[in-house]
Amino acid sequence: DVTGVQTCALPIWAWCQEQKPFWFVDSGYTNFLTKKKNWHRLVRNHIHHTVDLKYFPADRLSTLPSTPQPWRRWTGNKILVVESSDMHYRLFGTTLEEWRNRVYHELRQATSRPVEFRSKELDRKSRTSVYELLQNSGDYYCVISDASAAAIEAIWCGVPVITLNKHVSNPVARSSISDIDNLYRGPVGDWLCALTYSQFTYKEFESGYAIEMLGTYHGITV
């Protein structure tokens, strides 16, 4: 393939649990903006990029069809908890039910706000995306996920997020439910630059540009 990476039939959770080195290829982070899968990510030994806010150039900001709305502050009171697939939780040694129960328990200890859980298993063709839901509703105070693309969709709508696992949204999110009353509403500019260097087009993989940039800015080499 264009990355020079060999594929394997073993499920990704098996590679993680056995701590074997691997490459993970999946959709990029901003495809929801155009509803086209133009962007892809290549990650070493995990399923998501994480970025520190060291220097990333701003030249790829023009690849984004829009930028996030300003943070919402005093609108909405409902907490939206976005679930991932069963495979995702298996990857990290738990189950969806265990994760859901833990999150609900921690929320009830931290806040009296209403909580809405959103299943990953809803029909993709009929369900409304988190991006569309938040665009059309001012009811939501924040979005909580383990490590979901829904966090990026929420940020684009100006809704603060809590991301409980390793994810590209970590620099502009809180990482603990105990921070429910102290959500991140700070700058996102540097993070946006990093985000644009965490996803690439097929042509950029084919030309070798993507691999070069992963080495330069993420320290990832093939």
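This is a short dialogue about reading the core, one loop residue and the cysteines in a predicted model.

Biologist: Which residues touch the most other members of the largest nonpolar core?

Modeller: A nonpolar core is a set of buried residues of certain kinds, joined through side-chain atoms. In this predicted model, the largest such core has 44 residues, and Leu80, Leu134, Val143, Trp156 and Trp191 touch the most other members. At least two core residues come from each of strand 3 (78–82), helix 4 (130–135), strand 5 (140–145), helix 5 (150–156), helix 6 (189–196) and helix 8 (209–218), and helix 5 gives the most, with six residues. Another core, of 14 residues, lies apart from this one, and Tyr89, Val103, Ile177 and Ile180 are among its residues.

Biologist: What is Leu134 in contact with, leaving aside its neighbours within four places in sequence?

Modeller: With those neighbours left aside, Leu134 is in contact with Arg72, Leu80, Tyr140, Val143, Ala154, Cys157 and Val159.

Biologist: Where does Lys35 lie, and is Lys35 buried or exposed?

Modeller: Lys35 lies in the loop between strand 1 (23–27) and strand 2 (40–44). Its phi is near 60°, a positive value in a residue other than glycine, and Lys35 is exposed, with a relative accessible area of 68%.

Biologist: How many disulfides does a search of the whole structure find?

Modeller: A disulfide is a covalent bond between the sulfur atoms of two cysteines. Here, a search of the whole structure finds zero disulfides. As for individual cysteines, Cys142 is buried, with a relative accessible area of 0%, and Cys193, at 7% relative accessibility, also counts as buried.

How values were computed. Residues numbered from 1 in each chain as written. Predicted model: local features only at pLDDT ≥ 70, side-chain atom pairs only at ≥ 80, totals over all residues. Heavy atoms only, no water. Core = buried A, V, L, I, M, F, W, Y, C linked by side-chain atoms within 4.5 Å. Buried < 20%, exposed > 50% of the residue type's maximum accessible area, 1.4 Å probe, protein only. Helix = DSSP H or I, 4+ residues; strand = E, 2+ residues; numbered from the N terminus. Contact = heavy atoms within 4.5 Å. Disulfide = S-S within 2.5 Å.
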